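Biologist: Could you take me through one part of this model up close? I'd like to know what sits at its core and how the pieces around that part fit together.

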Amino acid sequence: MRAGILNPLGGCSQGAFCSPSQCVKKKNGETWHQSQLVDQELQQLLEKVDADLAQEACQKGCLFCHGKLHRADFDRKPRGGPQWDRRYSFCCAEEDCRRRRTPESVRFLGRRVYAGLVVVLISVMIHGLKPGRVRRIREALQIDSRTLKRWRQWWLDSFVRSSFWKAARARFMPPLCERTLPLSLWLSFELEERQRLLAVLQFLRPITTPTAWKELAM
Ligand SMILES: [Zn+2]
């Protein structure tokens, strides 16, 4: 395979999430969470991880016939976060196979228009806040209330019931509180903030493929 075929796609820095003046200023961590959403080093790190995952998948070839894989990326229309508009994906080059292979991702949670880091960070950030403060954050980030409610339900219902979580939750000792997901998951990774976000997104990787997403779609 040619080197450099999977150079991370550029252009994400153009769509900064919100300008500093739009950000809600708080001393209790909200500002930090929001700054993560525009942290370009973090975005580049996530792009690098995804590029590596794609490279690895590509090198393994087709899982069904061992044929070569060709790039066949998905278009995405991202909202409320980094402007990642393509998700790495491949198609088998063999005429009678053509099966798709989409590698796991730390940037995209299934088919959502919001990047994984937006869904995780906002869900963690608004946990336990009074409605007025949630509304201000929501307005600053231009996410409507139905979307936030859907995310909340997704963590409490689809995610908790998923076969992924039923297997993965055994790794946490003491067990994580399922009523406070994803905050409890977030707190369980005792790492420096940027590393913590990466660790949570890495943990969620197995549920980011189209196959896994069938069970988890909202
Ligand atoms: Zn194939």
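Modeller: Sure. Let's start with the whole chain and then zoom in. This is a predicted model, and the chain has 9 helices and 5 strands. Read along the sequence, the pattern goes α-α-β-β-β-β-β-α-α-α-α-α-α-α. Of the 218 residues, 26% count as buried. Among contacts between residues at least 6 apart in sequence, 63% join residues at least 24 apart.

Now for the core. The largest nonpolar core has 31 residues. Those with the most contacts inside it include Leu 117, Val 118, Val 120, Leu 121 and Ile 122, along with Val 200 and Leu 201. Helices H3, H4 (131-141), H5 (145-161), H7 (183-188) and H8 each supply at least two residues of this core. The largest share comes from H3, with 8 residues. As background, nonpolar side chains tend to be buried together in soluble globular proteins.

So the part to look at closely is where H3 meets H8. H3 covers residues 116-125 and H8 covers residues 193-204; their axes come within 11 Å and cross at roughly 115°. The crossing of H3 past H8 is right-handed. On the H3 side, Gly 116, Leu 117 and Val 120 make the contact, and they meet Leu 197, Val 200, Leu 201 and Leu 204 of H8. Sorted by class, that contact has 6 nonpolar residues, 1 polar and no charged ones.

Val 120 is a good residue to click on here. Setting aside neighbours within four places in sequence, Val 120 is in contact with Val 200 and Leu 201, and also with Pro 182. That proline belongs to the loop between H6 and H7, and the peptide bond leading into Pro 182 from Leu 181 is cis, with omega near 0°. The H6-H7 loop also holds Pro 174, where the bond from Met 173 is cis, again with omega near 0°.

Just before that loop comes H6 (residues 163-168), where you'll find Ser 163. Ser 163 counts as exposed because it has 12 C-beta neighbours inside 10 Å. Its C-alpha is 9.6 Å from that of Leu 216, although Ser 163 and Leu 216 are 53 residues apart in sequence.

There's a backbone detail to check in the loop between H4 and H5, where Gln 142 sits. Gln 142 has a positive phi of about 55° although it is not a glycine. With 12 other C-beta atoms within 10 Å, Gln 142 is exposed. You can compare His 66, in the loop between helix H2 (40-60) and S1: the phi of His 66 is also positive, near 65°, and with 11 C-beta neighbours inside 10 Å this residue counts as exposed.

From His 66 you can carry on into the strands. Three of them form an open sheet in the order S1-S4-S5, with antiparallel pairing. S1 (69-71) and S5 (100-101) stand at the edges with a single partner strand each, so one side of each has no neighbour in the sheet. S4 (residues 90-92) pairs with S5 over 2 bridges, and Cys 91 has Arg 100 in S5 as its bridge partner.

Key:
Residues numbered from 1 in each chain as written. Predicted model: local features only at pLDDT ≥ 70, side-chain atom pairs only at ≥ 80, totals over all residues. Pairing = 2+ DSSP bridges. Helix = DSSP H or I, 4+ residues; strand = E, 2+ residues; numbered from the N terminus. Axes fitted to C-alpha atoms, helices over the stretch in contact; angles between N-to-C directions. Left-handed = near helix turned anticlockwise from the far one by under 90°. Contact = placed C-beta atoms within 7 Å. Nonpolar A, V, L, I, M, F, W, Y, C, P; charged D, E, K, R; others polar. Buried ≥ 20, exposed ≤ 12 C-beta atoms within 10 Å, placed from the backbone. Core = buried A, V, L, I, M, F, W, Y, C linked by C-beta atoms within 7 Å.
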